[in-house]
Amino acid sequence: MSARRYRDPLLWLAPLFAFFVLGMPALRPVFAWAFPAVEPPIYAGDTFLALWLFHAALVAVSSFASLVLGIGAGIIATRRWGHEFRAILEALATIGQTFPPVAVLALAVPALGYGALPTFLALTLYGVLPILQNTIAGLAGVPEPVREAAEGMGLTQAEILAKVELPLAAPVILAGIRIAVIINIGTAAIGSTVGAVTLGAPIIGGLVGDKTSYVIQGAIVVALFAILTDACFERLRRRLERYKASGARRDPPGGWQVAGFGARVRAKVSGGSG
Amino acid sequence: MIELEGVSRSYGDRRVVEDLSFTVEDGAFCAIVGPSGSGKSTSLRMINRLIEPSAGTIRIAGEDIATLGLTRLRRRIGYVIQSGGLFPHWTVEDNIATVPRLLRWDEARVAERVRALLELVRLGHETRRKYPHELSGGQQQRVGVARALAADPEILLMDEPFGALDPLTRQALRAELARIQEDARKTILFVTHDIDEALLLADRIAILRDGRLLQYATPQEILTRPASAFVREFVGGAALGLKLLAQRRVRDHLHPGAAPAGEPVAQDAPMSEALSEMVLRGAELLPVRDAGGRIAGSVALADMLR
């Protein structure tokens, strides 16, 4: 039992992350030794805590917008009356994701000005596609007899969606949200090129000023933030799929993933089998 | 009472059900039988309006169902489908409680209803906490039947409910359904492609082919006076006589009094079973036992022809 608890990555990831966010100045001797030319050795702009809070807020708000757009469009595309919209919605979302976020930033700055707003726009567009695709796959994966039984028992279309379809599709939709959030944690850093306060500030500043240690400091915190968030999603996924594990079958412990792409593949497979 | 009057359904040029008219009395068990593609499932689904008829009228208790609200209509009708259609993310209890909760029963009443229904379909009370994937196919189908009966509907629609089960489980569930029908007296419409299932369970059989009703009658009548060569062939062909025998019970041919030695047949067994025993044993006379296991008398080979 205790061995299993040590395999929960949150137990060591969370303290490690907290150390780098709060305790970066403590690493001053290490960076001073490794990069003697860089002065000061630790990024001296905003504190890493402040950078992280802004970064997280930007990702949270833009991911929430992606979620509303992606799930909303996914629901429309899978309704009987919405099938005609499916192709166009998917095409729009694909454009949103294939258009490079840097280009969105460049195009958005003249209209929206410098700061968080163009970054919010770029991240939101970038996050819609995985959520939309997984919402469609998840809803399409609800077994037809289950839907038919629900309809035959007199559940309204809204009740079927809320009580049956969305709960059954939730693990697949969650996998899409997970991909969107993880990608956006990494992508948000480029917002600092247009003046948004993010963990990209030391990275961009380091690149511009040839201060490699700042790049490393920013990258470590961004990467740990992404890994920690992914581990939280893994925990949420297990909670959502708990019903499948009851009885004889149990979830194998510690099966989390660093990047969300594995989750995406898994989602497609399970979504397509229904 | 369910009345179908001139009901048709077409998809484009393809007519799936054509001019279907028949009436199911309250408390009757009506089987809709036919080969694949005969329109039997479509006919059933028009009764809870999962499919809307292209023409014709369906009335329940005298009311045209097209004028009733969809939700209200469906909550009056229990619906069981082949693969159960249980909600995989809900426990057995939550599944059974679906309609009662939609009807906003209080939780004490819901719990009591779940308990009674699990007992009715002979599942242990501890089953209520399990999820569908933890049950066998037969158990899932029992839960499906319990769920359909939950809000005490007047009508039960069953679409090949035992079609996906192995023969032994199917046989057990048929017997359970017959018993439940004795107690609950619902108006049942039961779709099957298995004529033996229909002959065993139903007191009225509708035979469909290519969307048309060929015959609507009691099992006895269908066996003795099939409406066409197709019905005759479909119902049993050369084995028709044996199926007729299966409709009769030993008790109706019982000679009380002395009986020969040997393993007795049950008085509730069908005559076909007694005949089979006679052939196996080479005996013209068999002992018969009553429900309590006591010797009640005998049955003779000559009785097969009476």
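Is Phe20(A) buried or exposed? Select that residue in your viewer to begin the tour. This is a predicted model, and Phe20(A) has a relative accessibility of 15%, so it counts as buried.

**Stop 1: aromatic rings**

Now add Phe19(A) to your selection. Phe19(A) and Phe20(A) form an edge-to-face aromatic pair, with 5.4 Å from centre to centre and 75° between the planes. Phe19(A) has a relative accessibility of 37%, so it counts as partly exposed.

Go next to chain B and pick Phe87(B) and Trp90(B). Their ring centres are 5.1 Å apart and their planes stand at 85°, so this pair is edge-to-face. Both Phe87(B) and Trp90(B) are buried.

Back in chain A, select Phe17(A), Trp52(A) and Phe225(A). Ring pairs join these three residues into a cluster. If you would like to keep hunting, the whole structure holds 11 aromatic pairs over all chains.

**Stop 2: charges over rings**

Which ring does the charged end of Arg109(B) sit over? Select Arg109(B) and Trp105(B) to see: the charged end of Arg109(B) is over the ring of Trp105(B), 3.7 Å from the ring centre. Then try Arg9(B) and Tyr11(B). Here Arg9(B) lies over the face of Tyr11(B), 4.3 Å from the ring centre.

**Stop 3: where the chains meet**

Colour chain A and chain B separately and look at the contact between them. Chain B brings 23 residues to this contact, and chain A brings 21 residues. About 1900 Å² is buried between the two chains, and carbon and sulfur atoms give 66% of that area.

How many salt bridges are there between chain B and chain A? The count is two. Side chains of opposite charge can pair when their charged atoms come close. To see an example, select Arg75(B) and Glu159(A), which form a salt bridge with their closest N and O atoms 3.5 Å apart. Across the interface there are also six residue pairs in polar contact. On the side of chain B that touches chain A, the elements that give two or more residues are helix 2 (70–75), strand 6 (77–81) and helix 4 (98–102).

Now select Glu151(A), which is found in helix 8 (residues 144–152) of chain A. With a relative accessibility of 12%, Glu151(A) counts as buried. What does Glu151(A) touch, leaving out residues up to four places away in sequence? Its contacts are Arg80(A), Gln157(A), Ile160(A), Leu50(B) and Arg74(B).

**Stop 4: salt bridges within a chain**

The structure holds 36 salt bridges over all chains. Start with Arg79(A) and Glu165(A), whose side chains meet at 2.9 Å, N to O. This pair links distant parts of the chain: Arg79(A) is in the loop between helix 4 and helix 5 (83–98) of chain A, while Glu165(A) is in helix 9 (residues 157–187), 86 residues apart. Arg79(A) is buried at 12% relative accessibility, and Glu165(A) is buried at 2%.

Next, select Glu241(A) and Arg237(A). They form a salt bridge with the closest N and O atoms 2.9 Å apart. Glu241(A) is buried at 18%, and Arg237(A) is buried at 15%. Widen the selection to include Arg178(A), Asp230(A), Glu234(A) and Arg238(A), and you will see a network of salt bridges that links them with Arg237(A) and Glu241(A).

For a salt bridge in chain B, choose Asp268(B) and Arg251(B), which meet at 2.3 Å, N to O. Asp268(B) lies in the loop between strand 12 (265–266) and helix 12 (271–281), and Arg251(B) in the loop between helix 11 (240–247) and strand 11 (255–256), so the pair ties together parts 17 residues apart in sequence. Asp268(B) is partly exposed at 37%, and Arg251(B) is partly exposed at 43%.

**Stop 5: backbone details**

Turn on the backbone and find Glu39(A) and Pro40(A). A cis peptide bond joins them, with omega about -10°. Pro40(A) sits in the loop between helix 3 (28–34) and helix 4 (48–78) of chain A.

Where is Asp19(B)? Look in strand 2 (residues 14–24) of chain B. Its phi is near 50°, a positive value in a residue other than glycine. Asp19(B) is exposed, with a relative accessible area of 52%.

Finish at Glu160(B), in the loop between strand 7 (155–159) and helix 7 (167–184) of chain B. Phi of Glu160(B) is also positive, near 45°. Glu160(B) is buried, with a relative accessible area of 12%.

Technical notes: Residues are numbered from 1 along each chain as its sequence is written. Chains are lettered from A and ligands numbered from 1 in the order in which they are written. This is a predicted model: local features need pLDDT of at least 70, side-chain atom pairs count only at pLDDT 80 or more; totals for chains, interfaces and linings use all residues. Side-chain values use heavy atoms; hydrogens and water are left out. Rings of Phe, Tyr and Trp (its six-membered ring) pair if their centres lie within 6.5 Å; planes under 30 degrees apart count as stacked, over 60 as edge-to-face and the rest as tilted. Buried means under 20% relative accessible area, exposed over 50%, partly exposed in between (1.4 Å probe, protein chains only). A charge sits over a ring if NZ of Lys or CZ of Arg is within 6 Å of the ring centre and within 35 degrees of the ring normal. Contact means heavy atoms within 4.5 Å. Buried area is the accessible area (1.4 Å probe) that two parts lose on being put together, summed over both. A salt bridge is a side-chain nitrogen of Lys or Arg within 4 Å of a carboxyl oxygen of Asp or Glu. A polar contact is a pair of N or O atoms within 3.5 Å; within protein, one must be able to donate a hydrogen and the other to accept it, and residues adjacent in sequence count only if both atoms are side-chain atoms. Helices (H or I, at least four residues) and strands (E, at least two) are DSSP runs, numbered from the N terminus.
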